Amino acid sequence: MNWRCGRLCFATCSGCDRRVDVNTPRSWHPGHVGLIIRLAELLIVILPLTGAIVAAVRAFGRRRTDERSRDFDRIQQPEVTGTDGAARSSAALWSAIRRVVDEHGRTDARWLEYELDVAKLLDFPLMTDMRDANTIAFHKAKLRADFLRPVKAEDLLDDREGAAQYMAAVEDYVTAFNAAEAEAIRRRRNDFSRADQQRIARAQSLLRVAADPAAAAHERQRAYDVARSELDGLLVLPSATQANLERGISGELER
């Protein structure tokens, strides 16, 4: 009711045909609830999309920062070129040459143990048996490595082709020696008949006498001569081994 005019005032609702009193407080209408639901649905769709956009922007920012950091590092630490690069290359080559020279010396020392210790040599006679393929390969590889060995290791710094050939030759030498020694240890004297093994054993004992400085000179000489007779047709002692024994005997005879 309108208190000024004393009459009831009505208005027609735009969403339906009902007439409502304009003087009474308005209540929620179903149309308003539908609008709120649509807004909520829109937020559900927008929020994940917003999060993805924010994450992409942050990742792009981090990538740009990393790129700037790498650019800064390249500026602070320029690439090594020119003289510095050549110096490093020469240093690496020198280091490789020294390692190969040292390995050559170590392998020579291993072979020298056989040449100077005749008892050990006769324990593993295959090391001097030139009928065996491994033994032939070892001695050929040793000759080539010795032939290519420089007078001074420094000489190979200015001869890269020569350095490459020498390093390859030493590698072949070491490999061949390891193969020959392994086979000699495996087979020992088993390739010889029982009678020949006994001859080798007698020669081994006699050569110990020939190499003994405490023995009399004539005893050493006779032991050496008989030992060579025992080995005749079986084994040939390396020239270095024979020379070492003969020098020792000769030195005793000259006193």
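## A tour from the loop at E154

Begin by selecting E154, which is found in the loop between helix 4 (133–148) and helix 5 (160–187). The model on screen is predicted. E154 has a relative accessibility of 44%, and it therefore counts as partly exposed, a class that runs between 20% and 50%. Extend the selection to D155, D158, D159 and E161: together with E154, these residues form a negative surface patch.

**The whole chain**

Now zoom out and colour the protein chain by secondary structure. Eight helices and two strands make up the secondary structure of the chain. Read along the sequence, the pattern is β-β-α-α-α-α-α-α-α-α, with both strands preceding the helices.

Next, switch to a surface display. The protein chain has an accessible surface of about 17,800 Å², and carbon and sulfur atoms contribute 55% of that surface. The chain has 255 residues, of which 27% count as buried. Among contacts with a separation of 6 or more in the protein chain, 64% are between residues 24 or more positions apart.

**D108 and its partner**

Which residues does D108 touch, leaving aside those up to four places away in sequence? Select D108 in helix 2 (residues 82–116), and then display K142, D146, R149 and Y173, which are the residues in question. Is D108 buried or exposed? Its relative accessible area is 17%, so D108 falls under the 20% limit and counts as buried.

Keep R149 selected and draw its distance to D108. Side chains of opposite charge can pair when their charged atoms come close. Here R149 and D108 form a salt bridge, with the closest N and O atoms 2.9 Å apart. The pair joins distant parts of the chain: R149 belongs to the loop between helix 4 and helix 5, D108 belongs to helix 2, and 41 residues separate them. In contrast to buried D108, R149 is partly exposed, at 36% relative accessibility.

**Further salt bridges**

How many salt bridges does a search of the whole structure find? The search gives 17, and several of the residues involved can be selected in turn.

Move to R131 and D129. Their salt bridge places the closest N and O atoms 2.9 Å apart. The two partners belong to separate accessibility classes: R131 counts as exposed, at 65% relative accessibility, whereas D129 counts as buried, at 11%.

Then select E230 and R199, whose side chains meet in a salt bridge of 3.9 Å, N to O. This pair also links distant parts of the chain, with E230 in helix 7 (residues 217–231) and R199 in helix 6 (residues 194–210), 31 residues apart. E230 is buried, with a relative accessible area of 17%. R199 has a relative accessible area of 23%, which means that it passes the 20% limit and is classed as partly exposed.

Stay with E230 and add Q198, a residue of helix 6. How many residues separate Q198 and E230 in sequence? The separation is 32 residues, while the C-alpha atoms are 9.4 Å apart in space. Q198 is partly exposed, at 42% relative accessibility.

To see a network, select D132, E183, R186, R187 and D191 together. These five residues are linked by salt bridges.

**A backbone detail**

Continue to R188, in the loop between helix 5 and helix 6. R188 is not a glycine, yet its phi is positive, at about 45 degrees. With a relative accessible area of 40%, this residue is partly exposed.

**Last stop: helix 8**

Finally, select S239 in helix 8 (residues 239–254). The relative accessibility of S239 is 62%, so this residue lies over the 50% limit and counts as exposed. Add E115 to the selection and draw a line between the two C-alpha atoms. What distance separates S239 and E115 in space, C-alpha to C-alpha? The line spans 8.6 Å, although S239 and E115 are 124 residues apart in sequence.

Terms used. Residues numbered from 1 in each chain as written. Predicted model: local features only at pLDDT ≥ 70, side-chain atom pairs only at ≥ 80, totals over all residues. Heavy atoms only, no water. Patch = residues over 30% accessible without salt bridge, like charges linked within 9 Å, V, L, I, M, F, W, Y side chains within 5 Å. Areas by Shrake-Rupley, 256 points an atom, 1.4 Å probe, with all protein chains shown as cover. Salt bridge = Lys/Arg side-chain N within 4 Å of Asp/Glu carboxyl O. Lys, Arg positive; Asp, Glu negative; His and termini not counted. Charge placed at Lys NZ, Arg CZ, Asp CG, Glu CD. Helix = DSSP H or I, 4+ residues; strand = E, 2+ residues; numbered from the N terminus. Buried < 20%, exposed > 50% of the residue type's maximum accessible area, 1.4 Å probe, protein only. Contact = heavy atoms within 4.5 Å.
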